[in-house]
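I am opening these entries to record what I looked up, and in what order, before I take anything to the bench.

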Amino acid sequence: MKRRTLSTGLAAMIALPVLSLGGAPARAQGAEKLRVRLDFSPWGMHGAMHLALQKGLFKAQGLDVEVQDGTGTISTLQLLSAGQADIGQVALGTMAVAKENGLDLISVAGFARTGDLAVLMDQSLGIKTPKDLAGKKIVCFTTSPWAPFIEPFLKANGMTKSSIELVMVAPSAMISTYASGNSDGFMSQAPFGQPMVLKTRKASALLLGDSGISFPSYGLALTPKTLESKREAIAKFVQVQVKAWQYIHDGHVDEAVAAIIAQRPNAKLDADVLRGQIAAYRPFFESPTTKNLSFGLQTDADWAAAIKSMEQTGQIKPGHKPSDYYTNALLAV
């Protein structure tokens, strides 16, 4: 697609009507500042964020958006709760666990609605089931979305932490530890990790969902306090992100890859890896319970399944309902 066509066509597609959300007062003229915290250093799931920045789509909606790289979903959730960021792109299953532990958070959009966490193992090892992981050295990091689910995963498969050699490393060291042969595998998201190691040491994946633990993956979260105080700006931001993802997955993955690289020129990013991550995530954008669901929307059915899994694995206490964790109020339904 030619650059001229992108500049006009994408901008037109993302043009939003004046929002009327629960009687929220109109903001004074001038861009409203939003601090956005991502989950990690630049990777494929940041495509819509960087595309919107690169093409001025937030600015066109009167928003001054600062996008910060993160050091893990848990860290981002803590910063949101502390008021040091307005909105985060995070693993929503981990958000639910954090909410159980006292952080007042809610999701306003869900993108990767099918669980993506997996144990990624050297393909040559022929790992077929979780029990095949016994005695294997596997690396992870403490702020990973995996962290709350490691013991429930092992327990669901009749194992304990002593069944494997689990080593926690710095987030930046996890992939290199595996790629260099210093571990048998690593715990990550399958669509993130497999493209990362494709050129060095191919990995097979054991999805956490195949062990009966269901939860949503990446979406947008914030505190109810921030939602109340910046409702109109947050709504504009969310709708820009939804339409950007729609555009990307309508045959414009390369535009997203170019935007990530342009926004993070010093990160030494591999375009093939970014492209592979964006493409690999597309099946995970589908809802496990509802076909052809519009991007961003979340459902009671998906969250009910997640709540059941998290109750069974001891991550949350009984008595929660789906509306405790999400709202679709900011989305054009």
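**Entry 1, confidence.** I begin with the score itself: pLDDT is the predictor's confidence in each residue, from 0 to 100. I note at the outset that this is a predicted model, and I looked up the chain average, which is a pLDDT of 91, with 91% of the residues scoring at least 70. I then asked where the score stays under 50, and found that it does so over residues 1–8, for which the model has ten contacts beyond four places in sequence. I marked residues 16–28 as well, where the pLDDT is below 50 and the model has 22 contacts beyond near neighbours in sequence. Where pLDDT is low, the predicted coordinates should not be read in detail, so I leave the contacts of both stretches out of my reading.

**Entry 2, the sheet.** I traced an open sheet of five strands, in the order β2-β1-β3-β10-β4 and with mixed pairing. I checked which strands pair on one side only, and these edge strands are β2 (63–68) and β4 (106–110). From one strand to the next the twist averages 30°. Looking at β1 (residues 32–37), I found that six bridges join it to β2 and that the two run parallel; R37 stands opposite Q68 in β2.

**Entry 3, helices on the sheet.** I looked next at helix α4 (residues 73–81), which packs on the sheet and touches β1, β3 (87–91) and β10 (218–222), with its direction at about 150° to that of β3. Helix α10, for its part, lies across β1, β2, β3, β4 and β10, and runs at about 55° to β1.

**Entry 4, the cores.** Which residues touch the most other members of the largest nonpolar core? Of its 64 residues, they are I87, L220, F237 and V238. Helix α10 (residues 231–248) gives the most to this core, with eleven residues. I followed V238 further and, not counting residues up to four places away in sequence, found it touching I87, V108, A109, L220, L330 and L331. Apart from this core I noted another, of 37 residues, among them L154, L206, A221 and Y325.

**Entry 5, a helix pair.** Two packed helices are described by the angle between their axes and the distance between the axes. For helix α8 (residues 190–197) and helix α12 (residues 271–281) I wrote down an angle of about 150° and axes 8 Å apart, and α8 passes α12 in a right-handed crossing. I then listed the residues that meet there: P191, F192, P195 and M196 in α8, and V273, G276, Q277, A280 and Y281 in α12.

Terms used:
Residues numbered from 1 in each chain as written. Predicted model: local features only at pLDDT ≥ 70, side-chain atom pairs only at ≥ 80, totals over all residues. Heavy atoms only, no water. Core = buried A, V, L, I, M, F, W, Y, C linked by side-chain atoms within 4.5 Å. Buried < 20%, exposed > 50% of the residue type's maximum accessible area, 1.4 Å probe, protein only. Helix = DSSP H or I, 4+ residues; strand = E, 2+ residues; numbered from the N terminus. Contact = heavy atoms within 4.5 Å. Pairing = 2+ DSSP bridges. Axes fitted to C-alpha atoms, helices over the stretch in contact; angles between N-to-C directions. Left-handed = near helix turned anticlockwise from the far one by under 90°.
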